[in-house]
Amino acid sequence: MKQVLAALALAIAAGMPAWAQNAGEIARVQAGASCTGCNLFQADLAYRNLPGIDLSGSRLRQADLSLSTMNNARLAQCDLSIANLFGGRFTGVSFAGANLERATLVGGYFGGADFSGANLAGANISGAEMQGARGLTQSQLNAACGDSSTRLPAGLRVPSCTPGR
């Protein structure tokens, strides 16, 4: 019986996409190469200067982009859920359609960034500079949280973060 279950599990796994990170793709991105649709799960991109990089459609779930500079990068349709963008500089970046659910954007700079259709549910944008961001809606912000130092486009507001959020 154990052999049958093991064979069944292997057959199921063989038909499913691999979800583990791809070390080769991560290394290429760390070196500054674009990588659309790549599996960058838990990638360490902290403190990197990656201007204009195209990571559209990539999986950056739980990635560390803290204190990185990614001006004019393309992160459209990326899975950035639970990612750390703390203190990063993301001027002119396209986050269009990106999943930023439960991401940390604390203290980041997002001037001219495009958030059209992005999922910000549970995201912490405390202290973020988003005044010049485009595509932000009140509905998106209602699902996120921030603080009194969060800068948003005129007429928009974000609920305050509560402990544990």
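A residue is called buried here when its relative accessible area is under 20%, and that cut-off underlies several of the statements below about this predicted model. By that criterion, buried residues make up 41% of the 165 residues in the protein. The protein holds three helices and zero strands, and its elements, read along the sequence, follow the pattern α-α-α.

**Overall composition**

- The accessible surface of the protein comes to about 8,000 Å², and carbon and sulfur atoms account for 54% of that surface.
- When contacts between residues at least 6 apart in sequence are considered, 5% of them join residues at least 24 apart.

**Helix α2 and its ends**

- Helix α2 spans residues 23-30, and its buried residues are E25, I26 and V29.
- Viewed down the axis of α2, these buried residues fall within an arc of 100 degrees, so they line one face of the helix.
- The general geometry of such an element is relevant here, because an α-helix has 3.6 residues a turn and residues three or four places apart therefore point the same way.
- At the N-terminal end of α2, N22 acts as the cap, with a side-chain oxygen lying 3.1 Å from the backbone nitrogen of G24.
- Beyond the other end of the helix, G32 lies just after α2 and takes a positive phi of about 105 degrees.

**S81 in the loop between α2 and α3**

- S81 is located in the loop that runs between α2 and α3, the latter helix covering residues 138-142.
- With a relative accessible area of 3%, S81 falls below the 20% cut-off and so counts as buried.
- The side chain of S81 makes a polar contact with the side chain of D79, at 2.6 Å.
- Leaving aside residues up to four places away in sequence, S81 touches R61 and Q62, and also N99, L100 and E101.

**Aromatic residues**

- The structure holds five aromatic pairs, and one aromatic cluster is formed by F90, F95, F110 and F115.
- A charged side chain is also placed against an aromatic ring, since R89 lies over the face of Y109 at 4.4 Å from the ring centre.

**Points to locate in the structure**

- For a reader going through the model, the residues to pick out around α2 include the cap N22, the buried residues E25, I26 and V29, and G32 with its positive phi.
- In the loop between α2 and α3, S81 can be viewed together with D79, its side-chain polar partner.

Technical notes
Residues numbered from 1 in each chain as written. Predicted model: local features only at pLDDT ≥ 70, side-chain atom pairs only at ≥ 80, totals over all residues. Heavy atoms only, no water. Buried < 20%, exposed > 50% of the residue type's maximum accessible area, 1.4 Å probe, protein only. Helix = DSSP H or I, 4+ residues; strand = E, 2+ residues; numbered from the N terminus. Arc of directions from axis to C-beta. Polar contact = N/O pair within 3.5 Å; in protein donor to acceptor, adjacent residues only side chain to side chain. Phe/Tyr/Trp six-rings, centres within 6.5 Å; stacked < 30°, edge-to-face > 60°. Lys NZ or Arg CZ within 6 Å of the ring centre and 35° of its normal. Contact = heavy atoms within 4.5 Å. Areas by Shrake-Rupley, 256 points an atom, 1.4 Å probe, with all protein chains shown as cover.
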